[in-house]
Amino acid sequence: NATSVTSTGHMLEYIESVHNVMYAQYPCNKQQVMELAGLMIQAELGDYDKTIRLDKIKIIKKMEYILPGYFRENRRMAKYADRVIKLWKSNSGISPLRCQQKYIENLKSWFKYYGCEFYPCNYKRSIQSGETHGDMLAGVLLAVGHRGVYVLYRTDGKKARIKPYDLLSSH
């Protein structure tokens, strides 16, 4: 139970959580990304104060380290900056520690493989009678944790964006 944002255990868990969102191990959807960004801005800047107007350009710059690359690519950040500012205003009164704790709690509830260690590997599809059926999947992440073992693979999409990982199978 952390008592401040500088409590070592809390700080390490928060930094790892942010890293895993930024590098797509936790493939957040648009709503989740916005919610997390609003919490991060509140934790970093405190309550929104309209008298100290941060211009949208500064918020957009902050989004480079708040929003995952797969989310930012080929999107108009000005539109999302407005959404983050709205969420920031709604988080008024929440302490930096509580924002970081909510960030972690959200991830724990959204991803059953939260807290796993991630290992890059190749994944052979089903084996029947000693033969592999289907292609070898390269770029797979093996997530190992106390709740199980999960195989994550980058999703395919219509647009040439950086893809987040999706759960392929679990054991």
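**Asn106.** I looked up Asn106 first and found it in helix α6, which spans residues 96-110. The model is predicted, so I checked confidence further down. Buried or exposed, I asked of Asn106? I put Asn106 down as buried, because its relative accessibility is 13% and the cut-off for buried is under 20%. Next I asked which residues Asn106 is in contact with, leaving aside neighbours within four places in sequence. I noted Glu35, Leu36 and Leu39.

**Secondary structure.** I then went through the whole chain and recorded 6 helices and 6 strands. Along the sequence I read the pattern as α-α-α-α-α-α-β-β-β-β-β-β.

**Burial, surface and contacts.** The chain has 171 residues, and I noted that 38% of them count as buried. For the accessible surface of the chain I wrote down about 10300 Å². Carbon and sulfur atoms hold 51% of that surface. I also looked at contacts in the chain with a separation of 6 or more: residues 24 or more positions apart account for 61% of them.

**Confidence.** I found an average pLDDT of 83 for the chain, with 82% of the residues scoring at least 70. Which element has the highest mean pLDDT, and which the lowest? I noted α6 as the highest, at 96, and strand β3, residues 131-132, as the lowest, at 61. I marked residues 157-161 separately, since the pLDDT there is below 50. Beyond near neighbours in sequence, I counted 7 contacts for this stretch in the model. Where pLDDT is low, I do not read the predicted coordinates in detail.

Note on methods. Residues are numbered from 1 along each chain as its sequence is written. This is a predicted model: local features need pLDDT of at least 70, side-chain atom pairs count only at pLDDT 80 or more; totals for chains, interfaces and linings use all residues. Side-chain values use heavy atoms; hydrogens and water are left out. Helices (H or I, at least four residues) and strands (E, at least two) are DSSP runs, numbered from the N terminus. Buried means under 20% relative accessible area, exposed over 50%, partly exposed in between (1.4 Å probe, protein chains only). Contact means heavy atoms within 4.5 Å. Accessible areas come from the Shrake-Rupley method with a 1.4 Å probe; for residues, only the protein chains shown count as cover. pLDDT is the predictor's confidence in each residue, from 0 to 100.
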